[in-house]
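Trainee: I am new to this structure and would like a close look at a single part of it. Could you pick one spot, walk me through it, and then show me what lies around it in the rest of the chain?

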Amino acid sequence: MTSPPAASASATAASGPTPPTPPAPRGTPLIRAEKLRVEYRGRSGGGRVRALRDVDLEILEGETLGLVGESGCGKSTLGRALLRVIEPASGTIDFLGLNITRLRGTRLRRTRADLQMVFQDPFGSLNPRRRIADIVAEPLRRARGASRAEAGPVVAELLDQVGLGAEAGRRKPHEFSGGQRQRIGIARALASSPKFVVADEAVSALDVSIQAQILNLLSDMVRERGLTMLFISHDLGVVRHIADRVAVMYLGQIIEVASRDDFFSGPAHPYSEALLSSVPSLRPGGRRERRVLEGELPDPANPPEGCLFRTRCPFAEDQCRTRMPELRTIAPGRTVRCHLPLVPGSTEKG
Ligand code: SF4
């Protein structure tokens, strides 16, 4: 195990801001979920509903992992659980080799400085009564213990880097457009010099013309700062633009993980195939038939037996009704949860 992030924090706990933790070696997992399970109470007050079903996922240092899937599949729950905003029922989260699953109090606060979020709704997440400088400084002051004087230059530089200029700090959120407010949200997420950022539908609420600017800004920030990012989106076109690898979720499970190129040139899971097929501009070479995804996402409180996708899968066989497929490696860097994965690059079963 490597030293926990809190080790550097403890050295400076007595006075001044907590410095950022040292970087992890590139290519190693920065954050890892193992058998992560999140449950909530069912609507009728009945049994527990599983929002995350024993999720195993590694996010490598320096990469952007795109997380896709239909609304309600658990993407946001996973992002929030990794940030320790949602309490898991079981499983572990390792960050830089430290098990952070049950951290509490000061150690959790210090670790949170390294784990930040860019929200979908930049207006709803910015306090309308506060000045931008105070909003951006908040994580730096709260998580790293910086004084107002220490935070000032950092905030000014960040506002410059996100293209708003330091003078924006004197103004309030209502004075900015949607795209500008998302730049403020990005500056706030970066203020504590985090290692890991979750961007949850960060461009979904923006006009298409502004989306590209914000995506480019996020890409630049990730590259320049050596950040690791989980980019959550229902928009596969946006994910192809920004992600190094892609993970697909269905009903609280990870069902496929692949490099961006492998995924977009031929997904291995029938659900991934259907998702990609529904976006004509992303169908490789135009040679794929459009595969309509039949039916709705099953009720998470009453999931099917066997493979969770079997009620919508055109390839379901007897074994799919009785046996839940494991997430297994089918090629280097490529995992899929299916008894009969599609042969990459074709629409035929392997
Ligand atoms: Fe379809 Fe069976 Fe694969 Fe599930 S395991 S995705 S039902 S082929």
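Mentor: Let's start in the loop between α10 (270-277) and α11 (318-322), where you will find G306. Please keep in mind that this is a predicted model. With a relative accessibility of 10%, under the 20% cut-off, G306 counts as buried. Now look at what surrounds G306: leaving aside residues up to four places away in sequence, it touches C320, R321, T322, R323 and M324. One of these deserves a second look, since the C-alpha atoms of G306 and R323 are separated by 4.4 Å although the two residues are 17 apart along the chain.

Another of the residues that G306 touches is C320. C320 has 9% relative accessibility, so it is buried as well. C313 also counts as buried, at 17%. If you are wondering about cysteine links, the structure holds zero disulfides.

From here, let's move to a strand. β3 covers residues 64-68, and five of its five residues are buried. T64, G66 and V68 point one way from the strand, while L65 and L67 point the other way. On the pairing side, β3 runs parallel to β8 (residues 228-232), with four bridges between them. β3 is also joined to β9 (residues 245-250) by four bridges, and this pair is parallel too. You can use L65 as a landmark here: its bridge partner in β8 is L230, and in β9 it stands opposite R245.

Next come the nonpolar cores. The largest has 62 residues, and V136, I186, F231, L236 and V248 are those with the most contacts inside it. This core lies between domain 1 (5-20 + 29-243) and domain 2 (248-337), because both of them give residues to it. To see one member up close, take I186: not counting residues up to four places away in sequence, I186 touches V118, V162, I214, L217, L218 and M221. There is also a second, separate core of 34 residues, and our landmark L65 belongs to it, as do I232, A247 and V257.

Finally, a word on confidence. The average pLDDT of the chain is 86, and 86% of the residues score at least 70. Residues 1-19 are a stretch to read with care: their pLDDT is below 50, although the stretch has 32 contacts in the model beyond near neighbours in sequence.

Conventions: Residues are numbered from 1 along each chain as its sequence is written. This is a predicted model: local features need pLDDT of at least 70, side-chain atom pairs count only at pLDDT 80 or more; totals for chains, interfaces and linings use all residues. Side-chain values use heavy atoms; hydrogens and water are left out. A nonpolar core is a set of buried Ala, Val, Leu, Ile, Met, Phe, Trp, Tyr and Cys residues joined through side-chain atoms within 4.5 Å. Buried means under 20% relative accessible area, exposed over 50%, partly exposed in between (1.4 Å probe, protein chains only). Domain bounds come from an automatic or database domain assignment. Contact means heavy atoms within 4.5 Å. pLDDT is the predictor's confidence in each residue, from 0 to 100. A disulfide is a pair of cysteine sulfur atoms within 2.5 Å. Helices (H or I, at least four residues) and strands (E, at least two) are DSSP runs, numbered from the N terminus. Two strands pair if DSSP finds at least two bridges between them.
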